[in-house]
Amino acid sequence: MAVLTLSNACLAFGHVALLDHTDFALETGERVGLIGRNGTGKSSLLKIMVGLDKLDDGQVQVQKGIELAYVPQEPTFTDGATVESTVSEGLGDIRELRERFEAHAEGDDLDALMTQIEARNGWNWEQRVEETLQRLHLSADLPIASLSGGMKKRVALARALVASPDVLFLDEPTNHLDLDAITWLEELLVDFKGSIVLISHDRAFLDNVCTRIVELDRGILRSYPGNFAAYQGLKERELADEALANARFDKLLAQEEVWIRKGVEARRTRSVARIKRLEGLRDARSSRRDVVGRARMEVSQGDRSGKIVAELEDVGKVYAGRAVVKGFTGTILRGDKVGLVGPNGAGKTTLLKMILGELQPDSGTVKQGANLNVAYFDQMRDNLNLDATLADFISPGSEWIEINGSRKHVMGYLQDFLFSPARANSPVRTLSGGERNRLLLARLFAKPSNVLVLDEPTNDLDIDTLDLLEDLLAEYPGTVFLVSHDRRFLDNVVTSTLVAEGEGAWREYEGGVEDWLIQSRRAKAIAAGKPGAANIAAATKQTPEANTRTPVSVAADSAPAAAPSAPVVATPKRKLSYKEQRELDELPARIEALETEQAELNKQLADPDIYKKEGANVAAMHARVEVIDEELMHLLERWELLSPR
């Protein structure tokens, strides 16, 4: 049964229709992932469902007695508040009702107050707050101002859950959360008994939590059963069918336009009908909203750096008596794509600054390579001038930008990042969160560099832009340092991962997050002598081969448990990493070379004279043929493994 419905919903800002006579229904117990391009109106739609904003036209209907709770993208808190007082705010008027009852205010109807308190289960509201704090692992007396961004998100979630809502609305809930916190949140939402509508661009999170995906596409809400992996397959077929139908329509319209220009040759009555049909075709074409194009990103590349970017030997750093880096040894080479993973406050930024020479270690040595030209993306957007226009922010004082030796007008460059020329003179403050991130990336990529440092670049970016950014970073010839909690993004970009394993210990794992989890589980199983260790080891052999470079110092074998499984329709297929894609590209040439060599050897061995002329070499030639057979079998197995992905 639907707990919330939208009927003929319309909403527009300016000339753009964010909701264009669209419908939606939320069923009991559903977990709906709301996705769409940045600026399409997802957050506005969520506020309309909650009742904070109103539609221009249409209706929102909520089942009687349904309790709604909303966690915004950037929660706000009362100055000087503690965790307990903030969470208590989620009870709304329940506290006030009981306080009025206990005060016996003159004129109050005590029987009516008792009825309301009992209906809202308000007699034990203190216990409900305490249970919620325990469930979300929060300390009651901590001041909100002292908390990290991830902990503030937990408090906002606790404030929403304390009232035991029937429907929970979440706007980008994984922003500022580390991997452990995201895994914890996934478990919490899967166990939640009510309905959920959430906005997220974290594809792994959508796969593990959602039972349905709803896309806001050109003003229409389109529903896809299952998780994000299932949505991808359905959406690909849908877009192909739409492109075919549009092509047929455009062909018919072009034919009719040719006919009208040649003149009316048929009888008048038939010609009038055909002219009316042409007018209808023109109206339909002008009102059609085509699929928004993809951004066209290009990184301005500086001069090549030295082969070695940084060498660290037994590096350590201590803050306030706590070791954030201890005994770290490693080498970063040109072209490495390095992901940094760890809980909030583990020291990812500290380690990164020491690698780049911006911070000196307390112990050990750090040597930077030659000719490093670093471009830095800051997750806090400290460099964002909200009063500047988009054009001035990208290219102050000039209408031109130089990218890899070619000049491009700033208007054209903004269009590459999906900003229309009409918005070029708009202030930055008018942009949504995802659009601001895209603007920062536009300015970052205009700066010549051979080292890219990206601190949480995926926050608020839509999924299409994430896919394009993945491809761009994989092909970037320089070195990339990537701090992110987006598991799918890391898996698709990085060649190695530096993981914080507690008490200042850091360890390197080849590949992305999935490779780290497999390798760390294997190490723990071997150390514990478990019988399943051999199977885990076999799975680990499928990870990309290790780079030949100085390994990072080994710390204790520890890693968080893998994300819990959720009922899904399709299993997500991980895209190839940069190394795997390069291996797949090289496989045909390697296979062809081995087959050519084998064919030549077989041709020589088929000649009887070879046993007289080169009898001593015949055994070696036969042995080489057998080795080639084994190599070909191995390469064909790799081809079968990599090509479907």
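Begin by selecting Glu503, which sits in the loop that connects β19 (496–500) to β20 (506–510). The model on screen is a predicted one, and every value given on this tour is computed from it. With a relative accessibility of 68%, well past the 50% above which a residue is called exposed, Glu503 counts as exposed. If neighbours within four places in sequence are set aside, the residues in contact with Glu503 are Ala323 and Lys326. Add Ala346 to the selection as well: its C-alpha is 8.7 Å from that of Glu503, although 157 residues separate the two in sequence.

Stay with this hairpin and display the two strands on either side of the loop. β19 and β20 run antiparallel and are joined by five bridges, and Ser496 can be found opposite Glu510 of β20. Five residues lie between the strands of the hairpin, and Gly502 adopts a positive phi near 95° there.

Now colour β20 by accessibility. In a regular strand the side chains alternate between the two faces of the sheet. In β20 both faces are covered, with Trp506, Glu508 and Glu510 buried on one side and Arg507 and Tyr509 buried on the other, so that five of the strand's five residues are buried.

Next, move to Lys337, which belongs to strand β12 (residues 337–341). What is the nearest side chain of opposite charge to the buried Lys337? That side chain is Asp336, 7.5 Å away, and Lys337 has no salt bridge. The side chain of Lys337 does, however, reach the backbone oxygen of Gly335 at 3.2 Å.

From there, select helix α14 (residues 433–445), whose 13 residues extend 19 Å from the first C-alpha to the last, close to the 18 Å expected at 1.5 Å a residue. The helix is mostly covered, eleven of its 13 residues being buried; among them are Arg436, Arg438, Leu440 and Phe445. To see what surrounds these buried residues, show β14 (374–377), α12 (390–394), β15 (400–403), α13 (410–416), β17 (451–455) and α15 (463–475), against which they pack.

The last part of the tour follows charged pairs, as the structure holds 16 salt bridges. Select Asp202 and Arg487, which form a salt bridge with their closest N and O atoms 3.9 Å apart. This pair links distant parts of the chain, since Asp202 is in the loop between β7 (195–199) and α8 (203–209) while Arg487 is in helix α16 (residues 487–493), 285 residues apart. Asp202 is buried at a relative accessible area of 5%, and Arg487 likewise counts as buried at 9%.

For a pair with other surroundings, turn to Arg429 and Asp387, whose salt bridge brings the closest N and O atoms to 2.6 Å. Arg429 lies in the loop between α13 and α14 and Asp387 in the loop between β14 and α12, so this salt bridge ties together parts of the chain that are 42 residues apart in sequence. Here Arg429 is partly exposed, with a relative accessible area of 44%, and Asp387 counts as exposed at 57%.

Finish at Arg222 and Asp217, whose side chains meet in a salt bridge at 3.3 Å, N to O. Arg222 is partly exposed at 26%, whereas Asp217 is buried at 11%. Extending the selection to Glu215, Arg218 and Lys235 completes the view, as these residues are linked with Asp217 and Arg222 in a network of salt bridges.

Key:
Residues numbered from 1 in each chain as written. Predicted model: local features only at pLDDT ≥ 70, side-chain atom pairs only at ≥ 80, totals over all residues. Heavy atoms only, no water. Helix = DSSP H or I, 4+ residues; strand = E, 2+ residues; numbered from the N terminus. Buried < 20%, exposed > 50% of the residue type's maximum accessible area, 1.4 Å probe, protein only. Contact = heavy atoms within 4.5 Å. Pairing = 2+ DSSP bridges. Lys, Arg positive; Asp, Glu negative; His and termini not counted. Salt bridge = Lys/Arg side-chain N within 4 Å of Asp/Glu carboxyl O. Polar contact = N/O pair within 3.5 Å; in protein donor to acceptor, adjacent residues only side chain to side chain. Expected span 1.5 Å × (residues − 1).
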